[in-house]
Amino acid sequence: MALTEERPPLELTAGDEPVRNPLGAFSRPSSSYGWRSWLTTVDHKKIGILYGATAMAFFALGGLEALLLRVQLAQPEGQVLSPEVYNQMFTMHGTTMVFLVIMPMLAAFSNYLIPLMIGARDVAFPRLNALSYWVFLFGGLFLYSSFFLGGAPDNGWFNYAPNSGVAFSPGHGIDFWTLGLQITGIASLLGAVNLITTCLNMRAPGMTLLRMPVFVWMALVAQFLLLFAIPVITVALFLLMFDRLFGANFFNVEAGADPLLWQHLFWIFGHPEVYILVLPAFGIVSDVIPTFARKPLFGYPFMVFSGIAIGFMGWGVWAHHMFASGIGPVSVAAFSLSTMFIAVPTGVKIFNWIGTLWKGKLIFTTAMLFAVALVSQFTIGGLSGVMHSVAPHDTQQTDTYFIVAHFHYVLFGGSMFGIFAGIYYWWPKIFGHKLSERIGKAHFWTMFVGFNLTFGPMHIVGLQGMPRRTATYPEGMGWDLMNLLETIGSFLIAISFLMWVYNVVASRKNPHAGADPWDGRTLEWSISSPPPAYNFDVEPTVEHLDEWWHRKYGEDEHGRPVRREHFTYLSGVDEASRRGGGDDPDVDVSDIHLPSPSYWPIVLALGLPLIAYGLIYTYWLAALGGLVIIAGSFGLGLEPSVDPDAGHGDHGDHGPDDEGHDQELAEVGAAAGGDDDEEAS
Amino acid sequence: MSVSEQTATAPAGAVPEGAAHVPHDATTPAHHTSTGLSHEKLAMWLFLGSECLLFGGLISTFLLYRTREVTAGPPVGDIYDIPFTSVSSFVLLMSSLTMVLALSAIQRADHRRARTWLLTTALLGSTFVAGQVYEFTTFVHEGLGYTTNLQGSAFYTLTGFHGVHVTLGILMLLSLFVMSLRGRLPAGKAETVEIVGLYWHFVDIVWIIIFTLVYLIPA
């Protein structure tokens, strides 16, 4: 019986006259369909899709900037970009890829998957979740608007002082960078609070911490890193902003300031940031590899605790970014050692993945190819990383293309390959159909070859001394061929990305993939594809690590896994994909209370770029933005999470003056399982 | 898990006819979060953890620059008015006491007293902020502007950030006061007051650290 086919799952009525209408500005949005529903949605799955789509759009922009850089460097004495534009391009390329692609892409996966994997109906604060997304989007758009308003930031993604001061960067580019990252930082911080609360507080009964899928664990560690790293860069950004806008002296060397302060603050944020970017990708492949190796993950507790260890040790290595800045031999020695140590938990992960692959029945789907590519390519990036812990070696390589090669092997070979593994793996869960495996494999091999062709030779020219962040290089240095190869490789990457886009379009009419196309191990595969708004008909009770696999498979007398004849999907699985048992006919899904859509997140988020533009151009605009934010905060805070007028079953328990309405702070935790009557009692 | 176990754990089947309007989750302890802490309280603790790093960064910046030679204007250590700041610090610390009294009153459903203490807390906080405005004005008159030297920038930024935090706390307290006046803060919502209280106490503790490190311990 397909419950969801017969009526809209939420039964949100048109809501004729809203009783509670905070600040009287809007009537409550009620649509769960159409474009407007995307503006007001608080569903973690829709917000996850929004994050993903936005991040991929920024990926295209960041990639375009990279192509321009490579065209410029294809030959010695390149004339395509002026040095000024070149600086803007590499700055925006780095800033985009870190803050507007990989971070939101991982937010996309975390948003979509964490509630499904821990057996929850949504995140802890659904409207805050929507707010995070809109704040991130407006922050990104604000940053990019600098291209049209006098030039983009041009001081590198690390934006070292004192070069970032007004004296050396008189344009507004740096202001856009500072304010734009403040805004996206707010989004990350809100997201971190929300997702950590979700992971810790909303696990289904029996879902102990050590039964959580590794992706959830790695995302949790990354969110903790965000929680503590974002305020540090916030301080740095504020100091810089006050220097530039109000004439403070934090990085004013003339007044005796220490420009190293910026480097310390930036890298105390920046190194944990590296793990923020890569840990969730580790989590993705830790779920993909066992599925396609047909084996449980080798050494699950080691995987979890090595991730936690990386999370702690990630705070003690930041100064290895500063070996060349004269921090003194004691600091250099200490940070050399800590950098060598952090390779240990990372190595543990590599060996555990190999252990999982060992003697597995490997199925090389596109997702698996990307996952295995992560293991191999990240190992290369990790090894060149350990090389940098040797301070004399690092001093030799600082500011050369060797560094560029290293961090692209980590962030592209690690994070992006993991992200594509996740995209191919969870696509059928999110959209109901698989991406084409044929195009997918072509995409993979093109990207794999292109990636190595682009970044492999950078090791060599780096060791030969080619400096990074320099718009041209002279002839006769022996770098010409390698640079040409790198440029060709970068175009291969661009072609592979277009293949992915083509795949997305071409595959949209693929047949329905069913709830569990890969014979997955974790709870998200126990519900229909795409999942209903409420995720689970019944909150699952968890008894095992890899719960869904244990529900599908028992053991015969020799201890070999045998697929059970009967097992129950946990929500609205349609006839075509139902292979085990049936859905529970006794569950009335209209009893499930979900938080209602809201206009306030997008309104509140709009205030932030207004303030930012106002700080740059005229304070009146900033004042207006401040008013929008204050109004938005009260609107969001006073609005009940669940619209009292939205119908959800005929409970008849929503009297207009009943105290149960006072649930403005009751987010989905109450909404997921609660009823207003209980709220009041 | 076998089908029979699955059915046994599906609570909806067990809900009797007459109680049909009870959502099926109500039969499982869904209201109880995995940690036992409510989402809101856990979120506030997490946020405060993040705030520690914010103030940590600002305090470190001040400590780095307080020993530097100033190129213009007076060093900030020369113009502190310790007795005055001690009094305003005392006022702020007392506001933590009134915050606790407000929480205790609302937990007893004594809404009149709760409102009185909420308002008192907000007033004490405002007194502190007013003292800070007075202090800043005096410092500017004595020649230490925001842009005068390194120490000025660091001092005003650090204490200014703290002042903004207190101001936001006052806004939250006043919102609670108005909500209570309009009957929207029943005793069942005492946790909201508790969560605002967590924030308020945090801001107080940060001030103890700032007062000690910035004002009392000489550079």
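Which helices of chain B each supply at least two residues of the nonpolar patch? In this predicted model, the answer is α3 (82-107) and α6 (190-216). The patch lies on the surface and is formed by Phe90(B), Leu93(B), Met94(B), Leu97(B), Leu101(B), Ile205(B), Ile208(B) and Ile209(B). Together these residues have about 670 Å² of accessible area. The biggest contribution is that of α3(B), which gives five residues to the patch. Phe90(B), for instance, has its place in helix α3 of chain B.

Attention now turns to chain A and the packing of its helices. Two packed helices are described by the angle between their axes and the distance between the axes. A good pair to begin with is helix α7 (residues 214-246) and helix α8 (residues 260-293) of chain A, which pack at an angle of about 160° with their axes 8 Å apart. Because angles over 145 degrees count as roughly antiparallel, α7(A) is roughly antiparallel to α8(A). The crossing in which α7(A) passes α8(A) is left-handed. As for the residues of this contact between α7(A) and α8(A), 28 are nonpolar, two are polar and one is charged.

A second pair in chain A is made by helix α11 (residues 366-389) and helix α13 (residues 401-431), whose axes come within 8 Å and cross at roughly 160°. That angle makes α11(A) roughly antiparallel to α13(A). Here, too, the crossing of α11(A) and α13(A) is left-handed. The contact of α11(A) with α13(A) is made up of 17 nonpolar residues and eleven polar ones, with no charged residues.

A third pair, helix α4 (residues 83-118) and helix α5 (residues 126-145) of chain A, packs at an angle of about 165°, and the axes are 12 Å apart. These two helices, α4(A) and α5(A), are therefore roughly antiparallel to each other. In passing α5(A), α4(A) makes a left-handed crossing.

Charged side chains come next. Side chains of opposite charge can pair when their charged atoms come close. Over all chains, the count comes to 16 salt bridges. One of them joins Glu486(A) with Arg70(A), and the closest N and O atoms of this pair are 3.0 Å apart. Since Glu486(A) lies in helix α15 (residues 480-506) of chain A and Arg70(A) in helix α3 (residues 44-73) of chain A, the salt bridge ties together parts that are 416 residues apart in sequence.

Some details of the backbone of chain A are also worth a look. Most residues other than glycine have a negative phi, and most peptide bonds are trans. Against that background, a cis peptide bond joins Ala161(A) and Pro162(A), with omega at about -5°. Pro162(A) is found in the loop between α5 and α6 (173-201) of chain A. Another cis peptide bond runs from Ser529(A) to Pro530(A), where omega is near -15°. The place of Pro530(A) is in the loop between α15 and α16 (547-552) of chain A. Finally, Arg469(A) is not a glycine, yet its phi is positive, at about 60°. Arg469(A) lies in the loop between α14 (437-463) and α15 of chain A.

Technical notes. Residues are numbered from 1 along each chain as its sequence is written. Chains are lettered from A and ligands numbered from 1 in the order in which they are written. This is a predicted model: local features need pLDDT of at least 70, side-chain atom pairs count only at pLDDT 80 or more; totals for chains, interfaces and linings use all residues. Side-chain values use heavy atoms; hydrogens and water are left out. Axes are lines fitted to C-alpha atoms, for helices over the stretch in contact, and angles run from 0 to 180 degrees between N-to-C directions. Helices (H or I, at least four residues) and strands (E, at least two) are DSSP runs, numbered from the N terminus. Angles under 35 degrees count as roughly parallel, over 145 as roughly antiparallel, 65 to 115 as roughly perpendicular and the rest as oblique. A crossing is left-handed if the near helix is turned anticlockwise from the far one by less than a right angle, and right-handed if clockwise. Ala, Val, Leu, Ile, Met, Phe, Trp, Tyr, Cys and Pro count as nonpolar, Asp, Glu, Lys and Arg as charged, and the others, Gly among them, as polar. Patches are made of residues with over 30% relative accessible area and no salt bridge: like charges are joined within 9 Å, nonpolar side chains (Val, Leu, Ile, Met, Phe, Trp, Tyr) within 5 Å. Accessible areas come from the Shrake-Rupley method with a 1.4 Å probe; for residues, only the protein chains shown count as cover. A salt bridge is a side-chain nitrogen of Lys or Arg within 4 Å of a carboxyl oxygen of Asp or Glu.
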